[in-house]
Amino acid sequence: MCAVPSSDVDDDPALRATIGAWLGDHLGGPVTVTGLGRPRSGYSAETVVLDTTVGGSAQRFVLRKQTPDPPIYPRQGAVATEVEIQYRVMEALAAHSDVPVAPLVGYEADTGVLGAPFFVMGHVEGEVPVESPPYPSEGFFVDAAPDERRSLILSGLEVLAAVHRVDWRAAGLDWLAPVDGAPGTAQQVELWRAYGEQELGDRRFPELDDAFAWVAAHLPAAEPVGLCWGDGRPGNVIFGPDFRPRCATDFEAASIASPDQDLGWWLMFDRTMHEHAFGYERADRPDGDPSRDEQAAHYTEVSGRDPQHLDVHELFAAARYAVIVVRVMNRLVDRGDMPADHTIWRENPAANCLLALIEEVAR
């Protein structure tokens with residue numbers, strides 16, 4: 001993630017030298033790494049912010065390295081390594097779209113360099129609407145003027161629409177398509193249902209079962225497919241001082257699927273941040289913060305598409321989010337950071353959003 005570092009990594013001169021040598025090879029000149037820092041958030045990859053001197057000038061880069069944990073997301077296509085997926089999607093976006101992404105330095109598949117695959121990109125300064133604490137509760141989003149808040153959300157949706165305009169075949173993204181079967185919502189629902197079943201093991205989450213069953217029974221027919229961001233939300237966009245996007249991040253969940261799936265995810269996250277992570281009632285949005293109906297209408301206008309069945313896609317998004325939380329909690333148990341008998345896997349904002357949507361949409 002392109003983000004401002006909040007804490008230092010333990011100083012390791014050997015690591016700094018190794019990274020500096022790798023950067024020098026890719027930038028065509030000597031590079032000195034002067035500092036290592038951690039970003040404020042991120043789960044799917046180990047992220048280090050690099051302060052460097054390149055040709056006498058200070059420059060900052062971001063390094064993302066594959067973790068030893070199993071991936072957070074189910075495998076979509078021919079590539080399994082999440083940092084490679086992210087790099088290749090960003091590379092395609094840089095070449096075939098106007099989606100703002102960080103300048104890419106290079107991808108390294110050789111695990112002999114840092115112990116795992118990694119890539120490096122330029123650091124992008126800006127503000128990120130974080131989930132912890134939820135951005136509607138405090139921070140720059142709350143402190144902004146109403147027109148600035150509106151600009152942030154609506155311009156973020158414009159980035160989502162720009163992702164969906166990409167001709168994924170012309171951009172060389174065929175490797176993201178399912179290995180078996182045709183891409184589409186039916187394929188995605190089965191992929192995520194099976195993934196949730198795998199992660200739950202012998203635990204029971206009947207509401208999640210209900211959600212997948214309802215979505216499967218109400219599948220939209222013959223939806224067009226295209227490049228989906230997979231995790232498109234305000235928290236994966238870096239905004240400049242004008243409250244417009246400077247950089248879109250975190251494409252490791254990308255897929256070839258219905259673009260409406262992405263819009264459902266965006267709207268579901270808005271619901272979670274406003275009503276389940278912080279306790280807002282819908283009428284309590286800060287001035288200028290557009291409603292979900294306004295957001296869907298703006299996406300329709302700027303995308304030139306007419307999204308259909310958003311109730312199905314928003315519930316499907318909530319089911320995916322609930323599964324992701326189960327997966328993340330399983331990783332923490334595997335690391336020894338969480339007791340195996342915890343109940344967070346089904347007592348969390350994602351699960352709360354899922355339950356609320358079932359009541360609203362599927363009852």
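Two residues are said to be in contact when they have heavy atoms within 4.5 Å of each other, and this is the sense in which packing is described for the helices below. The model is a predicted one, and the report takes up its helices, its cavities and several residues in loops.

## Helix H9 and its surroundings

By the contact rule, the buried residues of helix H9 pack against three other helices, namely H5 (146–164), H8 (259–276) and H10 (310–335). The buried residues in question are Arg 292, Gln 295, Ala 296, His 298, Tyr 299 and Ser 303. Seen down the axis of H9, these buried residues fall within an arc of 160°, so they line one face of the helix. On the other side of H9, Asp 293 and Glu 301 are exposed.

The length of H9 can be checked as well: the helix covers residues 292–303, and at 1.5 Å a residue its 12 residues should span 16 Å, which agrees with the 16 Å between its end C-alpha atoms. Just after H9 comes Gly 304, which takes a positive phi of about 75°.

## Helix H7

Helix H7 also has one side that carries its buried residues. Leu 208, Ala 211, Phe 212, Trp 214 and Val 215 are the buried residues of H7. They cover an arc of only 165° around the axis, and this puts them on the same side of H7. The cover over these buried residues of H7 includes H6, H10 and helix H11 (349–362). As for its length, H7 runs over residues 206–217, which makes 12 residues, and the 16 Å from its first C-alpha to its last is close to the 16 Å expected at 1.5 Å a residue.

## Helix H8 and the largest cavity

Helix H8 is one of the helices against which the buried residues of H9 pack. Of the 18 residues of H8, 17 are buried, that is, under 20% relative accessible area, so H8 is largely enclosed by the rest of the structure. From its first C-alpha to its last, H8 reaches 25 Å, which is close to the 26 Å expected for its 18 residues at 1.5 Å a residue.

H8 also takes part in the lining of a cavity. The count of cavities of 30 Å³ or more comes to two, and the largest cavity has a volume of about 110 Å³. Its lining is made up of 13 residues, and those that lie nearest the centre of the largest cavity are Trp 192, Gly 230, Ala 253, Gln 261 and Arg 320.

Which helices supply at least two residues each of this lining? They are H6 (185–200), H8 and H10, and the largest share, three residues, comes from H8. When the lining residues of the largest cavity are sorted by kind, six are nonpolar, five are polar and two are charged.

## Residues in loops

The table gathers four loop residues, with the place and the relative accessible area of each.

| Residue | Loop | Relative accessible area |
|---|---|---|
| Gly 29 | between helix H1 (13–27) and strand S2 (31–38) | 26%, partly exposed |
| Gly 181 | between H5 and H6 | 57%, exposed |
| Ala 222 | between H7 and strand S7 (226–228) | 80%, exposed |
| Asp 250 | between strand S9 (245–248) and strand S10 (255–257) | 7%, buried |

Two of these residues have a backbone angle that deserves a remark. Ala 222 has a phi near 50°, which is a positive value in a residue other than glycine, and Asp 250 likewise has a positive phi, near 60°, although it is not a glycine. Is Asp 250 buried or exposed? With a relative accessible area of 7%, Asp 250 is buried, because the limit for a buried residue is under 20%. Ala 222, by contrast, counts as exposed at 80%, since exposed means over 50%.

For the two glycines, distances are given from C-alpha to C-alpha. Gly 29 and Val 54 are 25 residues apart in sequence and 7.5 Å apart in space, while Gly 181 and Arg 320 are 139 residues apart in sequence and 20 Å apart in space. Arg 320 has already been named among the residues nearest the centre of the largest cavity.

A last loop residue is Pro 133, which is found between strand S6 (118–122) and helix H4 (140–143). The peptide bond that joins Ser 132 and Pro 133 is cis, with omega about 0°.

Terms used. Residues are numbered from 1 along each chain as its sequence is written. This is a predicted model: local features need pLDDT of at least 70, side-chain atom pairs count only at pLDDT 80 or more; totals for chains, interfaces and linings use all residues. Side-chain values use heavy atoms; hydrogens and water are left out. Helices (H or I, at least four residues) and strands (E, at least two) are DSSP runs, numbered from the N terminus. The expected span of a helix is 1.5 Å times one less than its number of residues. Buried means under 20% relative accessible area, exposed over 50%, partly exposed in between (1.4 Å probe, protein chains only). The arc is that of the directions from the helix axis to the C-beta atoms. On a 1 Å grid over the protein atoms alone, a cavity is a set of points where a 1.4 Å probe fits but cannot get out, and a pocket is an open set with protein on both sides within 12 Å along at least five of seven lines; lining residues have an atom within 4 Å of a point. Grid points are joined across faces, edges and corners, and a volume is the space filled by probe spheres set on the points. Ala, Val, Leu, Ile, Met, Phe, Trp, Tyr, Cys and Pro count as nonpolar, Asp, Glu, Lys and Arg as charged, and the others, Gly among them, as polar.
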